[in-house]
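Biologist: Could you show me the model, so that we can go through its cysteine links together?

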Amino acid sequence: QVRLEELGGDSVQPGGSLRLSCTVSGSPTNRACMAWFRQAPGREREPVAFIYTPLLSTVHKDSVKGRFIISHDSSKNTLYLQMNSLKFDDTAIYYCAAKPVLNGGVSLCSSPTTTYSWWGQGTEVTVSS
């Protein structure tokens, strides 16, 4: 059974930083699409960033570009999201997701038609003063 466990959510002031982690057990992630999504109160879940782990190629959505960085450590089977310059609008539950792939690239990972196989339970990020 594959399990994804997110850690790192917290309450932080605007302008602050957090680092989320997502550790995967039960399956390697060295050939996978992995992603961070988030869901703010009263809103639909939205993608935040994607990574194609064989090449470590990434895509970040415009709303977080230049502030958030997605990364992956295959030796630890762990996905990260470094979040800097946090804003009130970043308040949400953050979910990691993974999908094993043979090939395809980050364009596959970020395609709206790609369905992710595995999801974590979420970690809450609150930005407030």
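Modeller: A disulfide is a pair of cysteine sulfur atoms within 2.5 Å. The model is predicted, with local features needing pLDDT of at least 70 and side-chain atom pairs pLDDT 80 or more, while totals for chains, interfaces and linings use all residues. Residues are numbered from 1 along each chain as its sequence is written, and side-chain values use heavy atoms, without hydrogens and water.

Biologist: By this rule, how many disulfides does the count come to?

Modeller: One disulfide joins Cys22 to Cys96, with 1.9 Å from S to S. Another joins Cys33 to Cys109, where the S to S value is 2.1 Å. By the rule above, the count comes to 2 disulfides.

Biologist: Is the link of Cys22 and Cys96 right-handed or left-handed?

Modeller: The angle about the S-S bond of Cys22 and Cys96 is 55°. The handedness of this link is therefore right-handed.

Biologist: Is Cys33 buried or exposed?

Modeller: Buried means under 20% relative accessible area, exposed over 50%, and partly exposed in between, using a 1.4 Å probe and protein chains only. Because the relative accessibility of Cys33 is 0%, Cys33 counts as buried.

Biologist: What is the pairing when the bonded cysteines of the chain are numbered in sequence order?

Modeller: The disulfides join Cys22 to Cys96 and Cys33 to Cys109. Numbering the bonded cysteines in sequence order, the pairing is 1-3, 2-4.
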